[in-house]
Amino acid sequence: LMTAIVLCLGPFICIPRTAATTFELSVVPLLPTFNAPLFYVLFFALVMILCLNQSAVVDIVGKILTPVLFLGLLLLIIMGVVNPLGPTDVPPMIDGVFSAGIQSGYQTMDVLATTIFGAMILNSVASKGHTEQKDQLKVGMHKLFQRFQLHVQLVVGADEAQNVRRRVAKTGSGQILHGNGG
């Protein structure tokens, strides 16, 4: 089973999808005539460099990519509140949106990937001197709590953004800003 998980996370599904998605969403809008095969070569060269030094990947993600991701998510939430893409009073298209999202896992293989990434993180934690199981558990629980907290903030922020947009639509933005809205 672990072999199937690694193959699905690696060469069969996620790696090609990641490269194609990165190209379509980040390169094509900015440089529509950029050569796709060249991008894939550059993309996978960068991935290979990062994979050759696994302990550095955790440091790079922690020091560089995580703050960039956090700022990007914060900007996305603010833009969603300030300038929504469409009407906010449309009823959901399916019943039980939250449970359907959890059950489908957003089709990203998060649970399977967590197994592999957890092992990488534990190896990195051990390489930084936390060799006692108690220390590793403490670091792991701290990181798990941080991840949980981020997701709760995203859900609460999205829900609050929808509530603010509803109140603005009903009462006008001036009343909300002054605390008199619904």
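Hi everyone, let's start with one residue, Tyr40: at 27% relative accessibility, Tyr40 counts as partly exposed. Before I go on, please keep in mind that this is a predicted model.

Right beside Tyr40 in the sequence sits a residue with another status. Is Phe39 buried or exposed? Phe39 is buried, with a relative accessible area of 12%. The cut-off for buried is under 20% relative accessible area, so Phe39 falls inside the buried class while Tyr40, at 27%, does not.

Now to the rings. A search through the whole structure turns up five aromatic pairs. Phe39 and Tyr40 form one that is edge-to-face, with 5.9 Å centre to centre and 65 degrees between the planes. Planes over 60 degrees apart count as edge-to-face, so the 65 degrees of this pair earns the label. Phe39 and Tyr40 also belong to one aromatic cluster, together with Phe23, Phe43 and Phe44.

Let's follow Phe23 for a moment. Which residues does Phe23 contact, leaving aside its neighbours within four places in sequence? They are Val28, Phe34, Asn35, Ala36, Phe39 and Tyr40. So both members of our edge-to-face pair touch Phe23.

Next, the core. The largest nonpolar core has five residues: Ala19, Phe23, Val27, Phe39 and Phe43. Two elements give two or more residues to this core, namely α2 (14-27) and α3 (36-52). α2 gives the most, with three residues. As general background, nonpolar side chains in soluble globular proteins tend to be buried together.

That brings us to α2 as a helix. α2 has 14 residues and reaches 19 Å from its first C-alpha to its last, which is close to the 20 Å expected at 1.5 Å a residue. Its buried residues are Cys14, Ala19, Phe23 and Val27. Why do they line one face of the helix? Looking down the axis of α2, the buried residues fall within an arc of 165 degrees, so they line one face.

Finally, let's step back to the whole protein. The secondary structure comes to eight helices and zero strands. Of the 182 residues, 11% are buried. Among contacts with a separation of 6 or more, 49% are between residues 24 or more positions apart. The accessible surface comes to about 14,100 Å², and carbon and sulfur atoms hold 70% of that.

If you take one picture back to the bench, take Phe23 and Phe39: both sit in the aromatic cluster, and both sit in the largest nonpolar core. Thanks for listening!

Definitions and conventions:
Residues numbered from 1 in each chain as written. Predicted model: local features only at pLDDT ≥ 70, side-chain atom pairs only at ≥ 80, totals over all residues. Heavy atoms only, no water. Phe/Tyr/Trp six-rings, centres within 6.5 Å; stacked < 30°, edge-to-face > 60°. Buried < 20%, exposed > 50% of the residue type's maximum accessible area, 1.4 Å probe, protein only. Core = buried A, V, L, I, M, F, W, Y, C linked by side-chain atoms within 4.5 Å. Helix = DSSP H or I, 4+ residues; strand = E, 2+ residues; numbered from the N terminus. Contact = heavy atoms within 4.5 Å. Areas by Shrake-Rupley, 256 points an atom, 1.4 Å probe, with all protein chains shown as cover. Expected span 1.5 Å × (residues − 1). Arc of directions from axis to C-beta.
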